[in-house]
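Here is a short tour of one protein chain, written for someone who likes to know the cut-offs behind each term. Have the viewer open and follow along.

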Amino acid sequence: WEYEVVELFLAGPPDIHGVVEYIELEVGPHGHWLALRLKGTRNIIDDNIPLKNVTLETPYHIEDDTSDGAFGRKRWKACVRMDRKLLPSGPYRALATAANGPPSNRQYLSNVPLPGPEPNFHQLDRFTPVKLTD
């Protein structure tokens, strides 16, 4: 990860051979984004997925009023729309992750614990069930 990024992985069920198709969406605070379709762990089958209406709000300064003296943290928001027919079939499982901070002090975050000595967000067995709504 060269840049700060948040990622959403959305997977369908395994096929009859146990292979999982999933989507990886990456969005960063500087306007960069990436959408990939994968079939099997890290096996990219489409790197040209069109996204609709990718919007990013410019990072803004907020003061942190905690007693630890940490100030100057920044927050940003992104909204991504994608045609539902580009998603794998359901039921769905998901993983949300982030790579925060400068490379020298990078933090890797995930909505569920991910084992291993190095960050690996492609642990399909750790994705959790999720229900999509319109």
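Buried means under 20% relative accessible area, exposed over 50%, and partly exposed in between, with a 1.4 Å probe and protein chains only. By that rule Phe127, with a relative accessible area of 5%, is buried. The model is predicted, so local features need pLDDT of at least 70 and side-chain atom pairs count only at pLDDT 80 or more, while totals for chains, interfaces and linings use all residues. Residues are numbered from 1 along each chain as its sequence is written, and side-chain values use heavy atoms, leaving out hydrogens and water.

**Overall build**

The protein has eleven strands and zero helices. Both kinds of element are DSSP runs numbered from the N terminus: helices (H or I) of at least four residues, strands (E) of at least two. Of its 134 residues, 32% count as buried. Contact means heavy atoms within 4.5 Å; among contacts between residues at least 6 apart in sequence, 49% join residues at least 24 apart. The protein exposes about 8900 Å², and carbon and sulfur atoms supply 51% of that area, as given by the Shrake-Rupley method with a 1.4 Å probe.

**The aromatic cluster**

Rings of Phe, Tyr and Trp (its six-membered ring) pair if their centres lie within 6.5 Å; planes under 30 degrees apart count as stacked, over 60 as edge-to-face and the rest as tilted. This rule gives three aromatic pairs. Two of them are set out here.

| Pair | Centre to centre | Angle between planes | Type |
|---|---|---|---|
| Phe9 and Tyr22 | 6.4 Å | 40 degrees | tilted |
| Tyr22 and Phe127 | 6.1 Å | 90 degrees | edge-to-face |

Phe9 in strand E1 and Tyr22 in strand E2 are 13 residues apart. Tyr22 and Phe127 are 105 residues apart, with Phe127 in the loop between E10 and E11. Phe9, Tyr22 and Phe127 form one aromatic cluster. Phe9 is buried, and Tyr22 is buried too, with a relative accessible area of 0%.

**Around His122**

Which residues does His122 contact, leaving aside its neighbours within four places in sequence? They are Phe9, Tyr22, Glu24, Leu38, Thr41 and Arg42, so two members of the aromatic cluster are among them. His122 lies in the loop between strand E10 (107–110) and strand E11 (128–130), and counts as buried at 10% relative accessibility. Its contact Arg42 is partly exposed at 48%. Arg42 sits in the loop between strand E3 (33–39) and strand E4 (44–46), and has a positive phi of about 65 degrees although it is not a glycine.

Another backbone detail is the cis peptide bond from Gly90 to Pro91, with omega near 5 degrees. Pro91 lies in the loop between E8 and strand E9 (92–100).

**The second largest pocket**

On a 1 Å grid over the protein atoms alone, a pocket is an open set of points with protein on both sides within 12 Å along at least five of seven lines, where a 1.4 Å probe fits; lining residues have an atom within 4 Å of a point. The second largest pocket has a volume of about 210 Å³, which is the space filled by probe spheres set on the points. Its lining consists of Val6, Leu8, Leu25, Val27, Ala78, Val80, Arg81 and Met82. Strands E1 (5–14), E2 (20–27) and E8 (78–81) each supply at least two lining residues, and E8 gives the largest share, three residues.
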